[in-house]
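Thanks for making time. Please bring the model up on the screen, and I will walk through it.

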Amino acid sequence: MPEELAEVDRWLNDDRFLEPYRQRFATKVGRPTVPVETYIRLMYLKVRYQLGYETLVQEVSDSISWRRFCFIPLDAKVPHPTTLVKLTLKYGTETLTESNFVLIQKARERKLVRGRKLQLDTTVVTAD
């Protein structure tokens, strides 16, 4: 596995990232869905490499290291793009925000970031 993915894997092996998803959607009814561990890793790859859902599925299908990172065995199918879209809608922005908060907390614990100030510069351009 490439070093970057190995490092991200170490970070994501923290149950604090998975807990917001598990708390909200720990149902035993219905058809099994994509494991949370796999979903989070797929979404990391999607955002990191700026991929659409269909391209993500295609790239993961063709990459042994990405399959390994996402815990998808070689003989298993990668989740369908529409499944990933539906899961993203199901989990919602609140869950993603919680995961992001945990990520920031973990980075603070390791003294990788300091959360003292946030400075934004915005420019609004209107077309007449």
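I will start with the overall layout, then go through helix packing, and end with a few single residues.

First point: this is a predicted model. Keep that in mind throughout.

The chain has 6 helices and 0 strands. Along the sequence the pattern reads α-α-α-α-α-α. Of the 128 residues, 33% count as buried. Now the contacts. Take those between residues at least 6 apart in sequence; 65% of them join residues at least 24 apart.

Let's go to helix 3. It runs over residues 36-48. Does its length fit? Put properly: what should its 13 residues span at 1.5 Å a residue? The expected span is 18 Å, and the end C-alpha atoms are 18 Å apart, so the two agree.

Which residues of helix 3 are buried? The list is Val36, Thr38, Tyr39, Ile40, Arg41, Leu42, Met43, Leu45 and Lys46. Note that Arg41 and Lys46 are on that list. We will meet both again.

Next, the packing. A quick reminder on how we describe it. Two packed helices are described by the angle between their axes and the distance between the axes.

Take helix 3 against helix 4 first. Helix 4 covers residues 53-62. The two axes come within 10 Å and cross at roughly 110°. The cut-off for roughly perpendicular is 65 to 115 degrees, so helix 3 is roughly perpendicular to helix 4. The crossing is right-handed.

Who touches whom? From helix 3 we have Leu42, Met43, Leu45 and Lys46. From helix 4 we have Tyr53, Leu56 and Val60. By class that contact has 6 nonpolar residues, no polar ones and 1 charged. Lys46 is a contact residue here, and Lys46 is also buried.

Now helix 1 against helix 3. Helix 1 is residues 3-12. Here the axes come within 11 Å, and the crossing angle is roughly 135°. That value makes helix 1 oblique to helix 3. This crossing, too, is right-handed.

The residues: Glu4, Leu5, Val8, Asp9 and Leu12 come from helix 1. They meet Ile40, Arg41, Tyr44, Leu45 and Arg48 of helix 3. The split is 6 nonpolar, no polar and 4 charged. Leu45 is worth a second look. Leu45 takes part in the contact with helix 1, and Leu45 also takes part in the contact with helix 4. Arg41, the other buried residue I flagged, sits in the contact with helix 1.

On to single residues. Start with Val8, in helix 1. Buried or exposed? Val8 has 15% relative accessibility, so it counts as buried. Beyond its sequence neighbours up to four places away, Val8 touches Tyr44 and Phe69. Phe69 is 61 residues from Val8 along the chain, yet their C-alpha atoms are separated by 9.1 Å.

Next, Thr38, in helix 3. Thr38 is buried, with a relative accessible area of 4%. What does Thr38 contact, leaving aside neighbours within four places in sequence? Cys70, Phe71 and Ile72.

That brings us to Phe71. Phe71 lies in the loop between helix 5, residues 64-69, and helix 6, residues 81-109. At 43% relative accessibility, Phe71 counts as partly exposed. Look at the backbone too. Most residues other than glycine have a negative phi. Phe71 has a positive phi, near 60°.

Gln50 also has a positive phi, about 50°, although it is not a glycine. Where is Gln50? In the loop between helix 3 and helix 4. Its relative accessibility is 73%, so Gln50 counts as exposed.

Last one: Pro81, found in helix 6. Pro81 is buried, with a relative accessible area of 13%. Its contacts, neighbours within four places aside, are Tyr53, Glu54 and Val57. The C-alpha atoms of Pro81 and Val57 are separated by 6.5 Å, at 24 residues apart along the chain. Tyr53 has come up before: in helix 4, Tyr53 is one of the residues that meet helix 3.

To recap the packing: helix 3 is roughly perpendicular to helix 4, and helix 1 is oblique to helix 3. That is my tour. Over to you.

Note on methods. Residues are numbered from 1 along each chain as its sequence is written. This is a predicted model: local features need pLDDT of at least 70, side-chain atom pairs count only at pLDDT 80 or more; totals for chains, interfaces and linings use all residues. Side-chain values use heavy atoms; hydrogens and water are left out. Axes are lines fitted to C-alpha atoms, for helices over the stretch in contact, and angles run from 0 to 180 degrees between N-to-C directions. Helices (H or I, at least four residues) and strands (E, at least two) are DSSP runs, numbered from the N terminus. Angles under 35 degrees count as roughly parallel, over 145 as roughly antiparallel, 65 to 115 as roughly perpendicular and the rest as oblique. A crossing is left-handed if the near helix is turned anticlockwise from the far one by less than a right angle, and right-handed if clockwise. Contact means heavy atoms within 4.5 Å. Ala, Val, Leu, Ile, Met, Phe, Trp, Tyr, Cys and Pro count as nonpolar, Asp, Glu, Lys and Arg as charged, and the others, Gly among them, as polar. The expected span of a helix is 1.5 Å times one less than its number of residues. Buried means under 20% relative accessible area, exposed over 50%, partly exposed in between (1.4 Å probe, protein chains only).
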